[in-house]
Amino acid sequence: MLEALANAIRLPELRNKILFTGAILLMVRVFANVAVPGASQVALSQLFNSQALLGLFCLFSGGALSRFSVVAMGLNPYINATIIMQLMTVISERIKEISKEGEAGRRRIQRWSRYLTVALGAGQAYGFTVLFQSTSPAILGPLDWFQRLQIVLVLTAGSVMLMWLGELITEHGIGNGVSLVIFAGIIAQGPRAVSAVFSQHSTGGLADYLPFIIFGAIALVTTAVIIEVQQAVRKIPIQSAQRTVGLKQGQSRASFLPLRVNHAGVIPIIFAISVMFLPTIVSNYFQGAPPDTWIHRASAWIGGNFTPNTANVPMAITYNALYFAFTFGFTYFYTAITFEVTDVANNLKRYSSFIPGIRPGAPTANYLAAVMNRVTFAGACFLGFITVVLPIAAEKISGIPQQQLYLGGTAILIVIGVALDTMKQLQTQLAMRSYRGFIT
């Protein structure tokens, strides 16, 4: 690996891409530390220590949300816009036809995604402004309409700027721009989170290191498991028919169709987080209702009980069970959208390929659907375990609360996925120049 990295740095073109990517990521981290004026950092710290799901939102923003910086929303609006446009390719036949028009169609859909990012970013910025005004103690003080509009415009512009910087990395850097921005944010939170937890639990004895040793062991085992699952595929044998070119008859070729165990990636987790956080957002809108009304009592009950670490044990079990169920269900939902068995079967038939023992056309589609359902079951259980079970188990075993060190399975899953994709892209660049790559 070190030899491959040295070879990559020796190549002027690849070295310039790496340096350009590093400069953009450094710029992103600078903006993540520029706070919006008027926000109480003490109140922010209290809120994020009491809300585990806000810790997940902060994870995707690279810690910018916990400081309420100009890029506090991170790339969440852009990710949501991209997911919505992917869903629209299934719902709308017109958009599906546009997506098949090659590069021109891709650029058209990407332009629509950017417009949708602005709209979603403005709505989300307004929601965070209202949320931070209704907390106790309040993070933002009383605001008139012009001040609120300023905050909404600043936060929306910050998300659009991150989207632009990510696209610059994709175009002029080493690729995977949006993923690398999230990757850099997660990595940047590690040292600060570890040092904050250690300073709070330090008593001057060797026993202070035991929780971190246990947590490190859990992280290493989790990393190994995630790498195995991320690289795991179900290989479907594919046979190509013989072709006759002139007077020569070519031999049939055997290959395979790889079906990934975790085909959906981290998208189901993002879906599940959005759904589970929706009741809390709605309840915060009604915190200002009169105290003697049922609306105020209901919103207060949701805010105090609809959390993963509530003291109400039945509600904690219900919450985490719903969280697992949504993650599991969205894994099947997103896999069905992104992997269309009918299109795959038609493409195999078009290129004179078939699965041995399976007739082309509808039987091939039915066979692929059955295999994909079984493979997705393992992937859905894996994502549910990483998202729900692992943080709870790590907290119980190591004694480190989730709110203080939220670098659990979701963060490791994102970091490993981005690292593997980046290594593969660098390996491709090295292979084009006859260098040994990262993965041999």
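In which helix do Arg106 and Glu103 both lie, and how many residues apart? Both belong to helix α8, which spans residues 103-134, and a spacing of three residues, about one turn of the helix, separates them. The structure described here is a predicted model. Its pLDDT averages 81 over the chain, and 86% of the residues score at least 70. Among the elements of the chain, helix α9 (residues 145-172) has the highest mean pLDDT, 90, and strand β2 (residues 244-245) has the lowest, 52.

A search of the whole structure returned six salt bridges. One of them joins Arg106 to Glu103 in α8, with the closest N and O atoms 2.4 Å apart. Arg106 is partly exposed, its relative accessible area being 43%, and Glu103 is likewise partly exposed, at 41%. The pair does not stand alone, for Glu103, Arg106 and Arg107 are linked in a network of salt bridges.

A salt bridge is also found in helix α7 (residues 93-99), where Glu97 and Arg94 lie three residues apart, about one turn of the helix. The closest N and O atoms of Glu97 and Arg94 are 3.9 Å apart. Glu97 counts as partly exposed, with a relative accessibility of 46%. For Arg94 the relative accessible area is 46%, and this residue too is partly exposed.

In helix α2 (residues 12-31), the side chains of Lys17 and Glu13 form a salt bridge with an N to O distance of 3.9 Å. Here the two residues are four places apart, again about one turn of the helix. Glu13 is partly exposed, with 42% relative accessible area. The spacing in these pairs can be set against the geometry of the helix. An α-helix has 3.6 residues a turn, so residues three or four places apart point the same way.

Burial along a helix was examined for α15, which covers residues 341-350. Which residues of α15 are buried? They are Val341, Val344, Ala345 and Leu348. Viewed down the axis of α15, these buried residues fall within an arc of 100°, so they line one face of the helix.

The residue Ser352 follows α15 and has a positive phi. Its place is in the loop between α15 and strand β5 (353-354). The phi of Ser352 is near 55°, a positive value in a residue other than glycine. With 34% relative accessibility, Ser352 counts as partly exposed.

A positive phi also occurs at Phe68, where the angle is about 50° although the residue is not a glycine. Most residues other than glycine have a negative phi. Phe68 is located in the loop between helices α5 (64-67) and α6 (76-91). Is Phe68 buried or exposed? At 1% relative accessibility, Phe68 counts as buried, whereas Ser352, at 34%, is partly exposed.

Technical notes: Residues are numbered from 1 along each chain as its sequence is written. This is a predicted model: local features need pLDDT of at least 70, side-chain atom pairs count only at pLDDT 80 or more; totals for chains, interfaces and linings use all residues. Side-chain values use heavy atoms; hydrogens and water are left out. Buried means under 20% relative accessible area, exposed over 50%, partly exposed in between (1.4 Å probe, protein chains only). The arc is that of the directions from the helix axis to the C-beta atoms. A salt bridge is a side-chain nitrogen of Lys or Arg within 4 Å of a carboxyl oxygen of Asp or Glu. pLDDT is the predictor's confidence in each residue, from 0 to 100.
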